[in-house]
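Thanks, everyone, for making time this morning. I would like to walk through a few helix contacts in one model, and I will ask you to keep the structure open while I talk.

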Amino acid sequence: MKANSQTKFLSENYSTLHGLKAVPIGLCLFLVSFWANIAHYPIKNFSLPIAFMLGALLFTMAIDQYYKSTFGKVKPMYARRLVYWIAQCVWGLLGLIAFWVDVTFSLPVSFVGLIFVSVFLFDKPKVACPLNKFSTIKFVSAICIIFVSLSPLFLGKDWWHIFGVRATILGITMLVGMLLVIQGMIWHIFFVKSLPASEAEDE
């Protein structure tokens, strides 16, 4: 029964379980945030973050090709793909609104952080009981982000200065970047070990 449940989970979330795809995204988010933290304002040269994003794009394309050539491709139904991309657009819009709120108003809560929490909890595969090894990683990451998003309520708005971070939003985006890299690497290991023995040996 457990094997059937795992097979169903893998087939329904096959592409999203390709953990290494999250690594360049996480690295890019961390590096751009780190650059913004140490940059001298007003910023006049944006060539470095642009290079980070282009590098992440190329890295992502290479990883995608690696998964396709090594493990094959499972194409989800059109309806599921449509729902997925609509959800991504909604989160993107909410993220922009949250960013505007965070930089415009001096609030003791980071709405950008809370948007990231919702992505970790509800993006495919969403966190649901009973937890499996993939969703457990997402759940732990979400708890970490909730803590830092609400931390100014208890530790004050400037507690990030202890770590040399000039703003809460930068601390959160750097943390999310690191969590994406860690989650991606662990997910890849889980993904390979979850495949039938013959496929895993090919890897």
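**Helix packing around α7**

Let me begin with helix α5, residues 111–122, which packs against α7 at an angle of about 20°, the two axes being 10 Å apart. That angle makes α5 roughly parallel to α7, and I should say at once that we are looking at a predicted model, so every value I quote is computed from it. On the α5 side the contact is made by V112, G113, F116 and F120, and these meet I169, I172, T173, V176, L180 and Q183 in α7. Sorted by class, the residues of this contact are 7 nonpolar and 3 polar, with no charged residues.

As for α7 itself, this helix covers residues 168–194, and because 27 residues at 1.5 Å a residue should span 39 Å, the 38 Å between its end C-alpha atoms agrees with expectation. The helix is also mostly covered, with 20 of its 27 residues buried.

Now to the second pair. Helix α2, residues 22–38, and helix α3, residues 47–71, have axes that come within 8 Å and cross at roughly 175°, which means that α2 is roughly antiparallel to α3. From α2, the residues V23, P24, C28, L31, V32 and W35 take part, and they meet L48, P49, F52, M53, A56, F59, T60 and I63 in α3. Here the division is 13 nonpolar and 1 polar, and again no charged residue appears.

The same check on length can be made for α2, whose 17 residues should span 24 Å at 1.5 Å a residue, and the end C-alpha atoms are indeed 24 Å apart, which agrees. Its buried residues are A22, V23, P24, G26, C28, S33, W35, A36 and N37, and what covers them includes both α3 and α7.

That brings me to one residue I would like to look at more carefully, namely N37, which lies in helix α2. Is N37 buried or exposed? Its relative accessibility is 8%, and since the cut-off for buried is under 20%, N37 counts as buried. What, then, does the side chain of N37 reach? It reaches the backbone oxygen of G164, at 3.0 Å. If we leave aside the neighbours within four places in sequence, N37 is in contact with G164, V165, R166, L170 and M174.

I will stop there and take questions.

Definitions and conventions
Residues are numbered from 1 along each chain as its sequence is written. This is a predicted model: local features need pLDDT of at least 70, side-chain atom pairs count only at pLDDT 80 or more; totals for chains, interfaces and linings use all residues. Side-chain values use heavy atoms; hydrogens and water are left out. Axes are lines fitted to C-alpha atoms, for helices over the stretch in contact, and angles run from 0 to 180 degrees between N-to-C directions. Helices (H or I, at least four residues) and strands (E, at least two) are DSSP runs, numbered from the N terminus. Angles under 35 degrees count as roughly parallel, over 145 as roughly antiparallel, 65 to 115 as roughly perpendicular and the rest as oblique. Contact means heavy atoms within 4.5 Å. Ala, Val, Leu, Ile, Met, Phe, Trp, Tyr, Cys and Pro count as nonpolar, Asp, Glu, Lys and Arg as charged, and the others, Gly among them, as polar. The expected span of a helix is 1.5 Å times one less than its number of residues. Buried means under 20% relative accessible area, exposed over 50%, partly exposed in between (1.4 Å probe, protein chains only). A polar contact is a pair of N or O atoms within 3.5 Å; within protein, one must be able to donate a hydrogen and the other to accept it, and residues adjacent in sequence count only if both atoms are side-chain atoms.
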